[in-house]
Structures are given as C-alpha cells and as structure tokens.
Amino acid sequence: MTQTDFEQQFNPRVSISELEVERYNSRALTLSQATRKRWSERKACHLDVSYGQSQLSTMDIFPVANPSAPLHIFVHGGYWRARDKADYSFVADALAPHGISTIVINYDLCPEVQVSDIVEQVKRAFSWIRDNAGAYGCQAINMTASGHSAGAHLIAAALSDRQHLDGPHAALLISGIYELEPVLHISVNEEIRLQPDAVDAMSPMRHPPGRPCSLAIVAGSAEPQAWVAQSRDFADLCKQHGHDCLYGELPGDNHYSIMTQFESPSSWLSRLTAGMALAASNAG
C-alpha cells in the first residue's frame, strides 16, 4: 500500500469532503448543546464529574428517574487526539426514552499522552463508574458501553485486559480501528505519535476480549474498504474466541454520517443499544 493508499483507507477525514465532515460535527455539537440545556434546566444531569487527576478525566452523567435503570457508557472518537464528550451528549436523549441512563466520558488526548495512557484512563473510568454510579442516580451492574472510531478501539482494548473486571457486560463498537499498524503510515500519526513498539499491545486484533462479553460491531458501507475490513475481521476474531458477536454494515453511511443513527430513540443504533442494555440488565 502506498502512502496515498494508507491516507485514503485509514484517515477518515480524507475519505469524504472537509465540508461534509464539518457539517456532521456541527450537527452533533448543536444537538448536544440542546441536550445539556434541557437536562440542566431540569437539574437532571451531572456535568464535568471528575474520575481522575487530569483536567480531561471527566464525565457527564444523564440518569433517568429510575435508579435501577440500565446504564450505558459512551466513549467518543477523534483518533485519540480530538473531539470531546460535549460533542456527544445527544446520545443521552436517544436512550432515555428507552429507560436507560447514559454517561459520556472524556479522556486525555494525544500528543500530550500516549494511546496506552488513554486505554488505562478508560479502564479507570469504568472502575470509577462501578464504584460511584449510585451517588449519581445510576446503577452499574451489567452496564454496557458503545464507542465510535477511536472510542470503539478504546473499549475493545480495555476488554482485552483479562485482569480488568470492571468493564462493560456488553459493547457496541462503531466504525473502530482494531489493528494499529496502519496508523504508523498516515499523517495523523504526527499528532498521535504511535511508536512501532506499541502497536502489538495496543491492537485488539492481536488481543481479543479476555472474558465473556456480548458484542455488536458495525461499520458504514460507504467507509473505505480497508477500514470496514477492520470491523469485519475483528468480529470474526471475536466469534472464533467464543464471544457472542453481531456484525453489520449500515447501508450508505460513511464514518461521520453513521452517528446520525444515534440521534433519536427510533434510530437504528439507538434501538440496537437499548436492546443490548436491557438484555444485559435482565441477565443480572
């Protein structure tokens, strides 16, 4: 693969126009601002709750009225070096009508930290939620999680740790990257600063989930072929290791439009997430 091929296949911002990227990003931010405004006016959410020492070790908590409701965690993308939890508050509006509480987490960004640091940070966030969710009107028994792009990778990497038992009972991984060797060959790595000797440990394709976990792995059919193959191959690997794993491609969706499937309670990703969260809750 040439340098140009790597950029086309593994740098999502190259695969569609910059105007389209900004349109979807602006749409998500506008929806999320409205979400926080409505929940804040009702005094129904807890914003910027700290789970660690760094400035970005924070989360936004959107509990529904029932403190025994299923709890879902969302992890944002941005290739480990961009975006913010504030861009994805709208996920809470999609899940609340299903009776599901939502937490959206932040984490430190490259190049200030390494990808491995962020994986550890996400694991700490899961542990913090296990220990403290009750103080914020949530219960974390059999919680579920979803992540988009780098967020999907972070969840998968956290699940690969056999010693970490505080992770989600089930997870939805959306348009993720699971084999990190291609990152070494794209321009974004000037900010990510992934080193060759870190690729093995940070690639879930080489370290599938270490304990039983229900998974749904999805990608958009309009994403680059090699990017979609990462989701398909990781789903196959998880099945080979005995995990309950659903794989699907959303027709016509690209790397950015796919998150519009989380914009309303009736959207496809919202319904899939709700089904997984309710199933996990009932399993407890």
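Which residues is Ile129 in contact with, leaving aside its neighbours within four places in sequence? In this predicted model, the list is Met59, Leu71, Ile73, Ile103, Ile105, Ala140 and Met143.

**Nonpolar cores**

Ile129 is among the residues with the most contacts inside the largest nonpolar core, together with Met59, Tyr79 and Trp80. That core has 60 residues. Another core, of 28 residues, lies apart from it and includes Val91, Ile100, Leu250 and Leu269. In soluble globular proteins, nonpolar side chains tend to be buried together.

**Helices α3 and α6**

Helix α3 runs over residues 18-41, which makes 24 residues. From first C-alpha to last, α3 reaches 34 Å, close to the 34 Å expected at 1.5 Å a residue. The buried positions in α3 are Val21, Tyr24, Asn25, Ala28, Ser32, Thr35, Arg36 and Trp39. These buried residues pack against two helices, α2 (12-15) and α4 (90-95), and against the strands β1 (46-50) and β2 (58-62). Just after α3, Lys43 has a positive phi of about 55 degrees.

Helix α6, residues 150-159, is mostly covered, with 10 of its 10 residues buried. Its buried residues include Gly151, His153, Leu154, Ile155 and Leu159. Ala150, Ala152, Ala156, Ala157 and Ala158 are buried in α6 as well.

**Pocket and cavity**

Rolling a probe the size of a water molecule over the atoms shows where empty space is left. The count comes to 1 cavity of 30 Å³ or more. The table sets out the volume and the lining classes of the largest pocket and the largest cavity.

| Space | Volume | Nonpolar lining | Polar lining | Charged lining |
|---|---|---|---|---|
| Largest pocket | about 180 Å³ | 5 residues | 7 residues | 3 residues |
| Largest cavity | about 100 Å³ | 6 residues | 3 residues | 3 residues |

The largest pocket has a volume of about 180 Å³. Of the 15 residues that line this pocket, Gly78, Tyr79, Arg81, Arg83 and Tyr256 are the closest to its centre. Tyr79 is also one of the residues with the most contacts inside the largest nonpolar core.

Which element gives the most to the lining of the largest cavity? It is α3, with 4 residues. The lining of the largest cavity includes Tyr24, Asn25, Arg27 and Ala28. Of these names, Tyr24, Asn25 and Ala28 also appear among the buried residues of α3. Other lining residues of the largest cavity are Arg83, Tyr88, Phe90, His148, Tyr256, Met259, Thr260 and Glu263. Arg83 and Tyr256 thus line the largest cavity, and both are also named among the residues closest to the centre of the largest pocket.

**Two single residues**

Asp84 is found in the loop between β3 (71-75) and α4. Is Asp84 buried or partly exposed? Asp84 counts as partly exposed because its relative accessible area is 24%, and buried means under 20%. Not counting residues up to four places away in sequence, Asp84 touches Leu56, His76 and Asn106. Leu56 is 28 residues from Asp84 along the chain, and their C-alpha atoms are separated by 9.0 Å.

Thr273 lies in helix α10, residues 268-283. Thr273 counts as buried because its relative accessibility is 2%, under the 20% limit. With residues up to four places away in sequence left out, Thr273 touches His72, Leu95, Leu172 and Phe262.

Technical notes
Residues numbered from 1 in each chain as written. Predicted model: local features only at pLDDT ≥ 70, side-chain atom pairs only at ≥ 80, totals over all residues. Heavy atoms only, no water. Core = buried A, V, L, I, M, F, W, Y, C linked by side-chain atoms within 4.5 Å. Buried < 20%, exposed > 50% of the residue type's maximum accessible area, 1.4 Å probe, protein only. Contact = heavy atoms within 4.5 Å. Expected span 1.5 Å × (residues − 1). 1 Å grid on protein atoms, 1.4 Å probe; cavity = no way out; pocket = protein on both sides within 12 Å on 5 of 7 lines; lining within 4 Å. Points joined across faces, edges and corners; volume = space filled by probe spheres on them. Nonpolar A, V, L, I, M, F, W, Y, C, P; charged D, E, K, R; others polar.
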